Amino acid sequence: MSVRHQVTDDVLTAYATGDLPEAFNLVVASHVSLCDEARVRLETMEALGGAVLDDLSGESMSYGSFEATMRLISERPKEAIKAEVVRKSCDVLPGPLMDYVGGNLDDINWRPLGMGAKQVILKSSLEANVRLLYIPSGAAMPDHGHTGIEMTLVLQGAFIDGDERFARGDIEIANEELEHTPIADIGEDCICLAATNAPLKFSGLLPRIAQPFLRI
Amino acid sequence: MLTGTPQSEEFGAKVSPPPYVTKGEDNQTGRHSDVAVIALNDAPWVDHVRRIHADRDQRAFRELFDHFAPRVKAFLMKSGASEALAEECTQEVMATLWNKSHLFNPERASVATWIFTIARNRKIDALRKQRRPEPEDLTWGPEAEPDQADVMVLQQECSRLSAAVKSLPDKQRELIERAFFGDLSHSEIAAETGLPLGTIKSRIRLALERLRRDMK
């Protein structure tokens with residue numbers, strides 16, 4: 001699998017440290033599922049996280065903390081068994097996305113957007129929203145009104161944006177300053193996962209992510 | 001509280017002392033002649049997790065707890081949790097560690113890194129009150145035991161990284177720590193600090209490539 005457009009360092013690190021809104025987390029988790037090199041970069045950041053954790057001077061635990069933890073373990077011994085569920089991805093949707101769709105491609109309850117395009121909005125935290133878009137081959141993306149950061153991950157087919165072609169596994173990160181009209185490539189209908197942050201729920205992190213793009 | 005005292009070990013070879021106790025002798029450039037010595041110095045805690053998994057060894061868990069719980073608590077507090085919430089979450093993180101000890105893969109991560117990811121996920125859950133979409137698991141085939149030589153090299157790289165973080169000038173260390181508490185722009189950490197992220201990245205890449213090969 002050759003993914004040509006990977007997630008940027010800033011976004012990947014914010015994912016590794018747990019500082020992205022859920023909608024963006026879903027895009028990054030799906031991207032990493034499709035791109036081994038992004039997974040390598042993610043695990044490298046996590047390795048650094050481990051080193052940082054180990055380097056911290058600790059806060060002392062409450063009295064009886066260990067015993068309380070052992071009680072937690074004996075009260076909930078089933079946790080380990082529950083975690084064994086193995087997710088199997090379908091041909092189009094990576095595992096984390098299947099969790100949000102509640103099944104595979106056939107289970108999606110698409111809503112028409114006109115001109116053959118359709119979408120389904122997935123449930124996530126309010127800071128940002130995330131949707132699946134279905135664009136017929138050769139058609140332009142409908143205006144999906146992003147006012148902040150927009151991340152788009154291609155799951156099927158491809159789209160062309162300016163000189164760049166984005167195919168399965170590729171991620172495009174854009175902000176509102178970037179005027180673009182992505183067009184689904186001919187050959188196959190295009191399915192994308194697109195997340196944008198809701199402007200009224202602007203979280204502290206987003207300006208930092210925005211920074212590199214504002215220089216464009 | 002006597003359970004916290006390390007005693008003579010009955011499980012034989014490769015029992016790790018608390019990590020970095022031997023830091024002074026553990027020179028980073030020199031090669032140890034004996035594999036067991038490398039295991040002792042460069043794979044801290046790996047055997048503890050094995051003992052927790054294989055033998056439900058409470059003493060190993062206690063030692064791990066005494067080292068990591070205060071650090072996890074500090075991580076959570078620096079990320080914005082109150083003392084009480086951090087205490088509660090840390091106990092849950094440590095309980096998860098016990099319950100999921102079978103999922104730890106020493107060919108892919110150090111114990112510190114694994115605990116970092118558990119703590120981070122708990123942080124998202126408790127502080128951000130969000131679900132955490134995870135990348136698809138790359139599961140090992142039933143026969144695929146981690147290769148001991150690969151485990152050793154990765155664990156050594158993690159120890160090198162850990163030592164490198166510890167020996168950074170205070171200012172740079174602070175910078176990196178703040179990045180992991182969601183408090184700073186994350187870009188180009190490696191470039192700015194000269195940390196040996198390149199080597200660890202190539203180890204992780206090799207492990208993933210092998211995994212992909214095995215899965216075919």
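This is a short tour of a predicted model, chain by chain and then across the interface.

**Stop 1: chain A as a whole**

Select chain A. Its 216 residues are 60% buried. Count the secondary structure elements: 7 helices and 9 strands. Now show the accessible surface of chain A, which comes to about 9600 Å². Carbon and sulfur atoms hold 51% of that surface. Turn to the contacts within chain A. Take those between residues at least 6 apart in sequence: 66% of them join residues at least 24 apart.

**Stop 2: strand β3 of chain A**

Select residues 128–135 of chain A, which form strand β3. How many of the 8 residues in this strand are buried? The count is 7, so the strand is mostly covered; the cut-off for buried is under 20% relative accessible area.

Add residues 117–122 of chain A. This is β2(A), antiparallel to β3(A) and paired with it over 5 bridges. Pick A:Ile121 and look across to its bridge partner in β3(A), A:Arg131. Follow the backbone between the two strands: a hairpin of 5 residues joins them.

Next add residues 190–197 of chain A, strand β9. Strands β3(A) and β9(A) also run antiparallel, with 8 bridges between them. Here the pair to pick is A:Tyr134 and its bridge partner in β9(A), A:Ile191. Show side chains along the strands as you go. In a regular strand, side chains alternate between the two faces of the sheet.

**Stop 3: the open sheet in chain A**

Move to the open sheet of 3 strands in chain A, with the order β6-β5-β8 and antiparallel pairing. Which strands are at the edges? They are β6 (164–167) and β8 (183–184) of chain A, each pairing on one side only. Zoom in on β5 (residues 158–161) of chain A, which is joined to β6(A) by 4 bridges. Label A:Phe159, then find A:Phe166 opposite it in β6(A).

**Stop 4: the interface**

Show both chains. Chain A and chain B bury about 6500 Å² between them. Of that area, 59% is on carbon and sulfur atoms. Now select A:Leu53, A:Asp54 and A:Phe66. Together they supply 11% of the area that chain A buries against chain B, more than any other three residues. Colour the contact residues: 69 come from chain A and 74 from chain B.

Next, the polar side of the interface. There are 5 salt bridges across it. One to display joins the side chains of B:Lys123 and A:Asp19, at 3.4 Å from N to O. Polar contacts across the interface link 21 residue pairs. Which element gives the most to the side of chain A that touches chain B? Select α3(A): it gives 19 residues.

**Stop 5: two backbone angles in chain B**

Most residues other than glycine have a negative phi. Two residues in chain B are worth a click here.

Select B:Trp45, in the loop between α1 (35–42) and α2 (46–55) of chain B. Its phi is near 75°, a positive value. Is this residue buried or exposed? B:Trp45 counts as buried, at 3% relative accessibility.

Finish at B:Lys129, in the loop between α5 (111–128) and α6 (148–166) of chain B. Phi is positive here too, at about 55°. B:Lys129 is exposed, with a relative accessible area of 67%.

Technical notes
Residues numbered from 1 in each chain as written. Chains lettered and ligands numbered in written order. Predicted model: local features only at pLDDT ≥ 70, side-chain atom pairs only at ≥ 80, totals over all residues. Heavy atoms only, no water. Pairing = 2+ DSSP bridges. Buried < 20%, exposed > 50% of the residue type's maximum accessible area, 1.4 Å probe, protein only. Contact = heavy atoms within 4.5 Å. Areas by Shrake-Rupley, 256 points an atom, 1.4 Å probe, with all protein chains shown as cover. Buried area = accessible area lost by both parts, 1.4 Å probe. Salt bridge = Lys/Arg side-chain N within 4 Å of Asp/Glu carboxyl O. Polar contact = N/O pair within 3.5 Å; in protein donor to acceptor, adjacent residues only side chain to side chain.
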